[in-house]
Amino acid sequence: MIEQFIDFANTFAYVYLVPGMTIALGLCFFFIAIPQCQSLECYKRSRFLMGITFVMYGLAIILEQITLKGSSSSGVLARLIIIAISVSQAFMFTSTLVTLVDISYLTVRRIAAEGLVLLALVVSAFHVAGLGSRWADGVLCAMVAGYIVLLVRYVRLFRRRYAAYVRCMDNYFSDDETKRLQWVSRSFYCSLAVGVLALLYSFKPSALTCLVFMSVVAIYYTTFGIRFINYAFTFSLYKEAIEDAASECQNGQPAQEADTSVLSDNAGETKGAAPPAPEDEQLMRDIDELMQRELLYKNPGLTVAVVAARLSKNHRMVSEVISRCHASNFKSYVNEMRIAEAVRLLADGWLHDHTIDALAEECGFCNRITFYRVFKRIKGVAPTEFLVTESAECN
């Protein structure tokens, strides 16, 4: 009974659900309008290519069912089809997700240089495998090895580009995590997991493994497709920060990052930078005075553009001055002010009449979790333990 249910569910998912869903999403990528914005040119290109990929993936599954069903000698060919699809998916998902954080990434030259090369290799693999069974196993092993190398390369590429993006976010936003496109990073590693599952499934095919794989694909593709379409309509919220990230990537900055420390709260700190010029120090004093006078740091949605507008300066100039004078990014600079305010309120007995959530909100944090994390990073203890620690040190 259970086996029959698995077979039925597997057939439904493989023959109807996943092909229909991917083709439908691909058509949505083609026909849902994109807001007019020059910075979204690469996004438009990636959405068009992703639409083609989704439609072709759905058709490939249907074609696999038609051509391989009932064939006893199709094991290697079926695995080659799965790996070929996985290679195309790895290229398109990586290129698309990188484009979301580096809007200048997916150029026509890059598509031609990499996409067409991968296509040629896949076609060659099928051609050689079709020459005879003695070639098939060797081609399959070569395809698997090449696919693994490709995944490693894409992980390194995405981490570098995402690191540059995070650095620019921390130099633009003070705290607003909802505008940081964290779903892009999660989507990349989910797509990586799907790619690994596809590889494992190709060597251990069964009704159960197929059902699990197709269920994961259906959930992931649907979630990604919705977020991918919505990206264009929320782009204005982080447009300037992402343009900064694209400019940094074009200048070759991501390649200089060799570790994951850039993903911390201090991402973007300058090391070994030249001392600030007198005009930088004067602008820094103006920034400090403005922040304290208008209590701008208490605004959880504060951006460096808001500070720059108050001073009639360019936002990149303001973030660069903060970096040179404080050796930190805009986010860290503002958070230090917020924690200083929290310490003052704690010393005044704020928690006698208010909650930790109220304290976090009063100091400019979006939520208690972020407040706890930043407070502990700067002060070494949690807010509720701070006064006890301070009293012990004084005694």
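Reader: In which loop does Leu295 lie?
Author: The model is predicted: local features need pLDDT of at least 70, side-chain atom pairs count only at pLDDT 80 or more, and totals for chains, interfaces and linings use all residues. Residues are numbered from 1 along each chain as its sequence is written, and side-chain values use heavy atoms, with hydrogens and water left out. Helices (H or I, at least four residues) and strands (E, at least two) are DSSP runs numbered from the N terminus. Leu295 lies in the loop between α9 and α10.

Reader: What is the phi of Leu295?
Author: Most residues other than glycine have a negative phi. Leu295 follows α9. Its phi is positive although the residue is not a glycine, with a value near 50°.

Reader: Is Leu295 buried, partly exposed or exposed?
Author: Buried means under 20% relative accessible area, exposed means over 50%, and partly exposed lies in between (1.4 Å probe, protein chains only). The relative accessible area of Leu295 is 36%, so this residue is partly exposed.

Reader: Which residue in the loop between α10 and α11 has its place there with a positive phi?
Author: The residue is not a glycine, yet its phi is about 55°. Its relative accessibility is 67%, so it counts as exposed. The residue in the loop between α10 and α11 is Ser312.

Reader: How far apart are the end C-alpha atoms of helix α9?
Author: The expected span of a helix is 1.5 Å times one less than its number of residues. Helix α9 covers residues 278–294, and its 17 residues should therefore span 24 Å. The end C-alpha atoms agree with this, being apart by 24 Å.

Reader: What arc do the buried residues of α9 cover around the axis?
Author: The buried residues in α9 are Asp280, Leu283, Met284, Ile287, Leu290 and Met291. The arc is taken from the directions from the helix axis to the C-beta atoms. They lie on the same side of α9 because they cover an arc of only 125°.

Reader: Which helices do the buried residues of α9 pack against?
Author: The face of α9 turned away from the buried side carries the exposed residues Pro278 and Arg293. Contact means heavy atoms within 4.5 Å. The buried residues pack against α10 (304–310), α11 (315–326) and α12 (330–347).

Reader: Which element gives the most to the nonpolar patch?
Author: Patches are made of residues with over 30% relative accessible area and no salt bridge, with like charges joined within 9 Å and nonpolar side chains (Val, Leu, Ile, Met, Phe, Trp, Tyr) within 5 Å; a salt bridge is a side-chain nitrogen of Lys or Arg within 4 Å of a carboxyl oxygen of Asp or Glu. This patch is formed by Leu27, Phe30, Phe31, Phe48, Ile52, Met56, Leu59 and Ile62, with about 760 Å² of accessible area together (Shrake-Rupley method, 1.4 Å probe, only the protein chains shown counting as cover for residues). The elements giving two or more residues are α1 (2–31) and α2 (41–68). With 5 residues, the element that gives the most is α2.

Reader: What separates the C-alpha atoms of Glu41 and Ser104?
Author: Glu41 is found in helix α2, and at 33% relative accessibility it counts as partly exposed. Glu41 and Ser104 are 63 residues apart along the chain, and their C-alpha atoms are separated by 8.2 Å.

Reader: What percentage of the residues of the protein chain count as buried?
Author: The protein chain has 15 helices and 0 strands. Among contacts between residues at least 6 apart in sequence, 77% join residues at least 24 apart. Of the 395 residues, the buried share is 48%.
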